[in-house]
Every structure is written in C-alpha cells, then in structure tokens.
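Open the model in your viewer and keep the selection box at hand. The stops below go in order, and each one says what to select and what is there.

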2 protein chains.
Amino acid sequence: MSVMRIAELSERAGVPIPTIKYYLREGLLPRGEATGRNQASYGAEHLSRLRLVRALTTVGGLSVATVRTVLDEVGGPGVGLHSQLGLVMRRLPLVGADIEPQDRDRERARELVARHGWFFYPDHPALEALAVVLAGHREAGHPVSDADLDRYAGAVEAFAEIDLDRLDGLPEGEDVLEGAVVKTVLGDTLITVLRRLAQIDESAQRNLGEDERRARREMREG
Amino acid sequence: MSVMRIAELSERAGVPIPTIKYYLREGLLPRGEATGRNQASYGAEHLSRLRLVRALTTVGGLSVATVRTVLDEVGGPGVGLHSQLGLVMRRLPLVGADIEPQDRDRERARELVARHGWFFYPDHPALEALAVVLAGHREAGHPVSDADLDRYAGAVEAFAEIDLDRLDGLPEGEDVLEGAVVKTVLGDTLITVLRRLAQIDESAQRNLGEDERRARREMREG
DNA sequence: CCGTACTGGATAGCACTGGTATCCATAAGG
DNA sequence: CCTTATGGATACCAGTGCTATCCAGTACGG
C-alpha cells in the first residue's frame, strides 16, 4: 500500500507519468529506492512530496526552478530554525523586477519600516522589492501615499502575527520549515483571494441599495 | 513635447521599440494618430498607457493577454461604476487551477463567507478560487483550519476597507476604474511584500534575544 | 533635391518554460 | 515465455513574450 511503482504514484497524485519523470530529472522529487537495474519503488514520502510540488507550482505560482531551490534549502543542513527560515524566505521571488526604482522609492521603503519599528536586514530582498512595487505604482500613474502605505502596513501586522502563531503551533519536528514555506507561499494566494471576497462585500455595502442587499441575504438564507 | 514618434516614446518609457510594436500588435497600446501613410504620432496618453502596461505585467505579474482583456473592459461601455468594476475584477486571474477542489473545499469556502456575513455572488470565480486554495493547502499536507481561516478573513476585512476608501478618494473621473485595477493588482504584490517584511519583524521578535535586537536597533538609529 | 536615417507595419524567428513522446534494454508477472 | 510495464535518456512540442528582419514610404541635414 505505501510502496508503489510509478504508475500507482501517478494514479494517486493525479500527475501524468511523463511529468513525474520530468520532476525526477529536475530534482524536485527524489529518485525511488532502486530495487534492480531498471526498477525502483516509491513510498508515501514520494507521494506527499509530489503533491507538495504540485500545490506550490499550481496554487502558489512558483516556477519549477524556484521549487527546487527552496526545497533544497529546506532539506539542507540548518543552523537553527530562525536563521534557516530566513534563508529559505530569501529564495522566494517577490516581484519580476524589470523596473528600476528611484532612490526616493528606496528611501520611502526604508522610512516605512522605520516608522513601524520593524526589525529589518538592510540588504534583504523584500526591502528592494518594496521599492520596486512603489516604483511600479508611481509609473502606473497611481502612486501610493504614505498614509495608505501606513494603513496597509498596520493591517499586515495582523497577518504576520497569525502566520507566526501558525508556525509555533506546528509539532516540533522535521517539517516545520516545509510548513513555513507552504503557509507563506500558499498563504499569499489565500490572502489575495480572501481580499477579493472582502472587497466584493465592502463594495456591495457601499454601493448597493439596502433592499437589494436584503433580497440577496434572504435568497441566501432561504 | 507631448507629441512624439516611436523613438521618443521608447526612450521615455524605457521600453524597446520592438516591444512597443509588439504591444501595438497585441492591442495593449492604441495606435498613434496617423499623419501619413507610414507616420503616426503618439501623445502623453500613449506614454502613460505604456507605463501602465509595464507595471501591470512586471510588478503585477499579469500576462499580456490578461492586460488586454482587462484594459478592454476598462475602456468599455459601462453601466454604472459598481457593476462595471465587478466585471473587470472577474477578469483578474486568481489561481492557475489544475487542482480540482473536493465538495468539502467548496463547502468550507461558502461557510466562511456565510460566517463573516459577506455579501457574495454564488457563481463568482473568487469563491471557486478559495476552494482551490483550500484544496491546495490540503494536498500539500498542510490544511488550513477554520480557526486560522477566520483569523485571516478578519484581518483581510481591514484591507478591503482601505481599498475602498482609496477608491472613494479618487477624483470622480474617467479613470476610477483604471485606478481600481491598478490598486487591486499592484496592491496584491504590495501586500505580499509588506507581509514578508512584517513576518521578518515578528519572527525576529519571537526568536532573537533581546540584546541582539537592541544591538540592531542601535545600529539602525546610530 | 538628394542621400541617409528613421518610420509604421508585417512577418519570421528565438529563448525559455513546462511539459510530452519516443525509444531502449531490462524486469515483472500471468 | 511472451506480453506488459519500468526506469532512464533523449528528442520533441506548444505557449509566451519578446526580438530581428524586411519593406515601402517619409523626414530632414547638407
């Protein structure tokens, strides 16, 4: 049951055999245990790893190359959870640059972090990414005001607290790091989707007439 | 100064001429005003449109095809801001599916919306997207609990409020819709980046010794 | 008013990503 | 023992986002 060959692995994960072979080639999935010149057996860990890879690429939007480097790092040596987590997080792409921020954008990024008293590493890619995003808004003709930025920053602190609580809640074991990656990467998508749903509600509350809302509420409850 | 040919447009937007021609072909950028059989002039609106397209693709991560359909919709007829905004938002991709959620995932998605009293459209893609994200977490071996989901949902309401405030703050004019798109699309990236920065802070607070934090604080202030 | 440079526009090609398809010698299994 | 499946290597393929080439026609410095 927990030992299988490639056909069953494919069947159970819902991933075609050629794709599995591709992931093996690319090192996203460890090779099965060789039981002969051309025979290998895969276990439950291969199945879960395969599902993990799929979730990270399809839902999380990570590229195959990113998944490889991130999971390599996760399985790496490790000199303490906090620092290892930091290393892994640096691997996650934030923006597909191609926009060069101005000094002012970088300055605003640093100022924001300072205003909120956030701990930071001066050379962290997230800081540069923030500058890029600010530049993007500006270039798009819709700059972000410091006031809006501060409101977002305040709201985002709630997320970070939830995120870390979730991490602390994980059973002290081997895959805390993997959990952190999944919760961060898929969490980005989750937050995006939830934000859209909340926008719909907020927009409806502000723009629809009361009777229209009531009708819809009744329709839902009825 | 505000009338130019392609070379100047390219220069000022920092986008190569062949790329501009490509965007023209793909309909992301309207053709310039023809002044002869093979001569056209571009204005300030082309420049800003070009920068907008670039920001949406590079920072927002939208595909060229998505940018086209979204901007087409923005420039379309329109029967009231609220409903038109709704139409545009439906065009924005949320997840690159490929994972089929189970009924239970869809059920949890609906329950979440109900628990929070959110207004919703039963067939809205965001609802299905939420189910997909829940399925992704589950398949990745790290399911999201309802408790965590509720915490996220609560936090996300703050975003929606900020988002709508920002929209209301826009000058009642032609590009409210464009503003909504930019603020939503680039806002996703902005929130992702801010979340990462806040995570770093929260993680440091929980995992670094007090003296290490103080040293770093002094380094920053000094 | 002429030669060179540049234009808009069309068509073809290219690098990269994420797979598929094919082939092969070998093992499994009824 | 003969069909089928396997692991592994190599080749191929479709989609995306450009980039290069070509062309007839215009601009413009000298």
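Is B:Y152 buried or exposed? Select B:Y152 to start: its relative accessibility is 0%, so this residue counts as buried. Keep in mind throughout that the model is predicted.

**Stop 1: the rings between the chains**

Add A:F159 to the selection. The ring centres of A:F159 and B:Y152 are 5.7 Å apart and their planes stand at 35 degrees, so this pair is tilted. A:F159 belongs to helix α8 (residues 146–168) of chain A, while B:Y152 belongs to helix α8 (residues 146–169) of chain B, so the pair joins two chains. A:F159 also has 0% relative accessibility and therefore counts as buried. Now extend the selection to A:Y152 and B:F159: ring pairs link these two with A:F159 and B:Y152 into a cluster.

**Stop 2: the axis**

Show chain A and chain B in two colours. Chain A is superposed on chain B by a rotation of 180 degrees with 0.0 Å of shift along the axis, at an RMSD of 0.0 Å. This is the relation of a two-fold axis. To find the axis from chain A, select A:A155, whose C-alpha is the nearest to it in that chain, at 3.4 Å. Which surface does each copy use to meet the other? Of the interface residues of chain A, 100% are also interface residues in chain B, so the copies meet through the same surface.

**Stop 3: a pair within chain A**

Over all chains, the whole structure holds 7 aromatic pairs. For one of them, select A:F119 and A:Y121: the ring centres lie 5.3 Å apart and the planes are at 75 degrees, so the pair is edge-to-face. A:F119 is buried, with a relative accessible area of 6%, whereas A:Y121, at 22% relative accessibility, counts as partly exposed.

**Stop 4: DNA strand D**

Select DNA strand D and the 23 residues around it; A:I6, A:N38, B:T19, B:R25 and B:N38 come nearest. By class, these residues are 9 nonpolar, 6 polar and 8 charged. Which element gives the most to this surface? It is α2(B), with 5 residues. What does strand D present to the protein? Sugar or phosphate makes up 62% of its atoms within 4 Å of the protein, and the rest belong to bases.

Three contacts can be checked one by one:

- A:N38 has a polar side-chain atom 2.8 Å from a base oxygen of strand D.
- A:A40 has a backbone N or O atom 3.1 Å from a phosphate oxygen of strand D.
- B:Y23 has a polar side-chain atom 3.3 Å from a phosphate oxygen of strand D.

**Stop 5: DNA strand C**

Finish with DNA strand C. There are 23 residues around strand C, and A:T19, A:N38, B:I6, B:N38 and B:Y42 come nearest. Of the atoms of strand C within 4 Å of the protein, 64% are sugar and phosphate.

Select A:T19 next: an N or O atom of its side chain is 2.6 Å from a phosphate oxygen of strand C. Then return to A:N38, where a polar side-chain atom lies 2.5 Å from a base oxygen of strand C. The side chain of B:R25 has an N or O atom 3.4 Å from a base oxygen of strand C. Elements that give two or more residues to this surface are α2 of chain A, together with α1 (6–13), α2 and β2 (39–41) of chain B. The largest share, 5 residues, comes from α2(A).

Methods
Residues are numbered from 1 along each chain as its sequence is written. Chains are lettered from A and ligands numbered from 1 in the order in which they are written. This is a predicted model: local features need pLDDT of at least 70, side-chain atom pairs count only at pLDDT 80 or more; totals for chains, interfaces and linings use all residues. Side-chain values use heavy atoms; hydrogens and water are left out. A residue is near a molecule or strand if one of its heavy atoms lies within 4 Å of it. A polar contact is a pair of N or O atoms within 3.5 Å; within protein, one must be able to donate a hydrogen and the other to accept it, and residues adjacent in sequence count only if both atoms are side-chain atoms. Helices (H or I, at least four residues) and strands (E, at least two) are DSSP runs, numbered from the N terminus. Ala, Val, Leu, Ile, Met, Phe, Trp, Tyr, Cys and Pro count as nonpolar, Asp, Glu, Lys and Arg as charged, and the others, Gly among them, as polar. Copies are superposed by least squares on the C-alpha atoms of residues with pLDDT of at least 70 in both. Contact means heavy atoms within 4.5 Å. Rings of Phe, Tyr and Trp (its six-membered ring) pair if their centres lie within 6.5 Å; planes under 30 degrees apart count as stacked, over 60 as edge-to-face and the rest as tilted. Buried means under 20% relative accessible area, exposed over 50%, partly exposed in between (1.4 Å probe, protein chains only).
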